[in-house]
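Trainee: Please take me closely through one part of this model, and then show how that part is connected to the elements around it.

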Amino acid sequence: MGEDGAVTSAPQRPDGPTPTPRLIATDLDGTLLRDDKSVSLRTVAALAAAEEAGIEVFFVTGRPARWMDVVSDHVHGHGLAICANGAAVVDLHAGREFVQVRALPRATALTVVDTLRAAAPGTSFAVEMTTGINYEPLYPPFFQDPGAHVATAEQLLKEPADDAGDPDGADAAGGAPAPVLKLLAHHSELAPDEFLALARKVAGGYAAITRSSPTALLEISELGVSKASTLALCCAERGISPAEVVAFGDMPNDVEMLRWAGTSYAMGNAHPDVIAAASGRTVANNEDGVAVVIEQILADRLAAQSGAEQRELQGHRQESEKL
């Protein structure tokens, strides 16, 4: 959900020539999705057209894998998505199977918990694991999860006992600790950006800290884990450079990705930090801002191809005249 006045005019394109991208990376909430969490028909068509043109599309989100059903039907080609702010790569064609996990060590998460409790009394925590989410009694019930275990963060983050049924996060397949993807920290009184700045000041040396919610809810990952770093790994595997990537986002957890990509767009409803980080700006999510840019990219590509064909035809004619 964005925090800035919505832009509804034509997109502000980056200065200079924009090469045809090989990959489009887009956030979901507040970016690709409308506020009602739907994917518009226009956006569905634009995504399909991009894939048909040979441009890969990666969904890059803070959402956990279990919340990816909203876009599962719109993933073509590779079927991969980057979830949990870069902590996981999942295969949406294979039932949201984890392909890569970049976990937050439990000991590190406990250090962050202790640090934030001291710096911001009243902070409550949740722990997002590959097996689901567990949370403290005072953590707001943003989304009810009937399988969640409720306990203190210290209990939730302890190393599980060696039995497959351990409620504190053991992997049911063999009793091994379930990887922690994100630690979530909520404060009921601090302003969102104030809480983020404080957390980064006191705990930023232990973990990567960001936010994507309009409330004072922080998302905490292993140091070096972000949407940008995991996207960079996925692109390197494909031989795709940052200059060949176009990225879209609206909230602070998108900033690193927008700075990394060769071309990036802040949504019309974006947070001010996102606007500052992006090289361009498109219209708001409710105005299909991602689709607007994709359509322009494809139109520019078609025009360039047509121009090249005309120049080639003209060259042949000139050669014929010489003969």
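**N253 and its surroundings**

Mentor: Setting aside the neighbours within four places of it in sequence, N253 is in contact with G62, N85, T210, R211, S212, E219 and K227. This is a predicted model, and the contacts should be read with that in mind. N253 itself sits in the loop between β11 and α8, and it counts as buried because its relative accessibility is 5%, against a cut-off of under 20%.

Two of these contacts are useful starting points, S212 and K227. Beginning with S212, this contact of N253 is also one of the residues that lie nearest the centre of the largest pocket, together with W67, F143, S213 and L217. That pocket has a volume of about 770 Å³, and its lining is made up of 33 residues. Sorted by class, the lining holds 15 nonpolar, 7 polar and 11 charged residues. Among the elements of the chain, β7 (132-135), β8 (180-186) and β10 (217-222) each contribute at least two residues to this lining.

The other starting point, K227, is a contact of N253 and belongs to helix α7 (residues 227-237), where K227, A228, S229, T230, L231, C234 and C235 are buried. An α-helix has 3.6 residues a turn, so residues three or four places apart point the same way. In α7, the buried set includes L231 and C234, and also K227, and the elements covering the buried residues of this helix include the strands β1 (23-26), β2 (56-60), β3 (80-83), β4 (88-91) and β11 (245-249), as well as helix α8 (255-260). Thus β11 and α8, which help to cover α7, are also the two elements on either side of the loop that holds N253. At the N-terminal end, α7 is capped by S226, with a side-chain oxygen of that residue 3.2 Å from the backbone nitrogen of A228. After the helix comes G239, which has a positive phi, near 70 degrees.

Of the strands that cover α7, β1 deserves a separate look, and side chains in a strand offer a general guide. In a regular strand the side chains alternate between the two faces of the sheet. In β1 both faces are covered, with L23 and A25 buried on one side and I24 and T26 buried on the other. β1 pairs with β2 in the parallel sense over 4 bridges, and within that pairing E56 of β2 is the bridge partner of L23. β1 also pairs with β11 in the parallel sense over 4 bridges, where F248 of β11 is the bridge partner of T26. This second pairing leads back to N253, since the loop that holds N253 lies between β11 and α8.

For the wider setting, the protein chain has 10 helices and 13 strands, and buried residues account for 50% of its 323 residues. Of the contacts between residues at least 6 apart in sequence, 58% join residues at least 24 apart.

Terms used: Residues are numbered from 1 along each chain as its sequence is written. This is a predicted model: local features need pLDDT of at least 70, side-chain atom pairs count only at pLDDT 80 or more; totals for chains, interfaces and linings use all residues. Side-chain values use heavy atoms; hydrogens and water are left out. On a 1 Å grid over the protein atoms alone, a cavity is a set of points where a 1.4 Å probe fits but cannot get out, and a pocket is an open set with protein on both sides within 12 Å along at least five of seven lines; lining residues have an atom within 4 Å of a point. Grid points are joined across faces, edges and corners, and a volume is the space filled by probe spheres set on the points. Ala, Val, Leu, Ile, Met, Phe, Trp, Tyr, Cys and Pro count as nonpolar, Asp, Glu, Lys and Arg as charged, and the others, Gly among them, as polar. Buried means under 20% relative accessible area, exposed over 50%, partly exposed in between (1.4 Å probe, protein chains only). Contact means heavy atoms within 4.5 Å. A polar contact is a pair of N or O atoms within 3.5 Å; within protein, one must be able to donate a hydrogen and the other to accept it, and residues adjacent in sequence count only if both atoms are side-chain atoms. Two strands pair if DSSP finds at least two bridges between them.
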